[in-house]
Amino acid sequence: MDTKILLENGTNELEILEFKLGNNSYGINVAKIKELIPYQPVTPVPNAHPSIEGIFMPRDTMITAIDLKNCLQLGESGDGGLFIITNFNKLDIAFHVDAVLGIHRISWTEIIKPNATISTTEDGVATGIVKMNGKLIIILDFEKIVTDISPETGLKVSEIDELGERTRNAVPILIAEDSALLRKLIIDSLHQAGYVNLLHTENGQEAWDLICKYKAEGTLAEHIQCVITDIEMPLMDGHRLTKLIKSDDDTKSIPVIIFSSLVNDEMKRKGESLGADAQLSKPEIANLVREVDKLVMR
């Protein structure tokens, strides 16, 4: 699999793997994929969620297999097909699909956000739609799929209690996160941690537009003194946003924290080369607060 794009910096592009479930095309960001392997029998787990097919151990690593058809209420996969083995949020998960059709390099600007008829804000599992060669490819929210099956893998907001007594802090923080559910959890966690002056946007483009607006008005420091950004977002991703902030003399001093399910060693190197001040994997909500504390208090 060609992963050269992972080494490029701030291009606002991604590669998606197109796969089939029945007659429908779906997509996943290649950056989440470890490998593709043919289907192999798995060991069922007693009392597991209906979408969990079981577990197996290729190369001595235990991996949970999820029936993606079952998750999307499209029936059950049965034998055959392939496993897409992924790594995000520090988890190795195999998703059972019917077939893989190929890899497409696209810009985040080409990804259309689903409207309410397709995906309600906090309940939908479609993060975007791409029109390609006369057909629609639905990009799925794999983090939400896994969290719905196993809630303990998601953000642990209760960890904020472990930080102890907090004082109110009015430092203005901008959050760029396209998932309505995660955006709410991040905002709630920061509020609980004492940060009360929060702006939020649905993608990097909206965040950059706000930064440019306040810069033009001469009020940037009043409105934004720290940025927390996801990586995967329509229109503009978090790496492109980081590059724009750190390449501008007027904004490069603003701390940027990348908070994403894609923070692995390779992506950390990319974030560092772009000037990110901190990078955290999404379950680490208490560590996010600690990083904000360090960066806005220095």
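## A walk through the predicted model

Start by selecting residues 82-88 and 91-97: these are strands 6 and 7, an antiparallel pair joined by seven bridges. Strands here are DSSP runs of E, at least two residues long, and helices are runs of H or I with at least four, both numbered from the N terminus. Two strands count as paired if DSSP finds at least two bridges between them. Within this pair, look for Ile84, which stands opposite Phe95 of strand 7.

A word on what you have open: this is a predicted model, in which local features need pLDDT of at least 70 and side-chain atom pairs pLDDT 80 or more, while totals for chains, interfaces and linings use all residues. Residues are numbered from 1 along each chain as its sequence is written, and side-chain values use heavy atoms, leaving out hydrogens and water.

Now widen the selection to the whole sheet. It is open, with five strands in the order 3-6-7-5-4 and mixed pairing. Its edges are strand 3 (33-38) and strand 4 (52-56), each pairing on one side only. From one strand to the next, the twist averages 25°.

Next, add residues 142-149. This is helix 2, lying across strands 4, 5 (63-67), 6 and 7, at about 100° to strand 7. Such angles run from 0 to 180 degrees between N-to-C directions, with axes fitted to C-alpha atoms, for helices over the stretch in contact; contact means heavy atoms within 4.5 Å.

Then move to Leu190, Ile228, Ile257, Leu288 and Val292, the residues with the most contacts inside the largest nonpolar core, which has 23 residues. Such a core is a set of buried Ala, Val, Leu, Ile, Met, Phe, Trp, Tyr and Cys residues joined through side-chain atoms within 4.5 Å. Buried means under 20% relative accessible area, exposed over 50%, and partly exposed in between (1.4 Å probe, protein chains only). Helix 8 (285-297) is one of the elements supplying at least two core residues, and its six form the largest share. Centre on Ile257 to find its contacts, including Cys226, Ile228, Leu288 and Val292. Apart from this core lies another, of 20 residues, and Ile84 and Phe95 from your first stop are among them.

Finally, select Cys226. Why does Cys226 form no bond with the closest cysteine sulfur? That sulfur, in Cys212, is 18 Å away, too far for a bond; a disulfide needs two cysteine sulfur atoms within 2.5 Å. Cys226 is buried, at 0% relative accessible area, whereas Cys71 is partly exposed at 23%.

Methods. Lists of a residue's contacts leave out its neighbours within four places in sequence.
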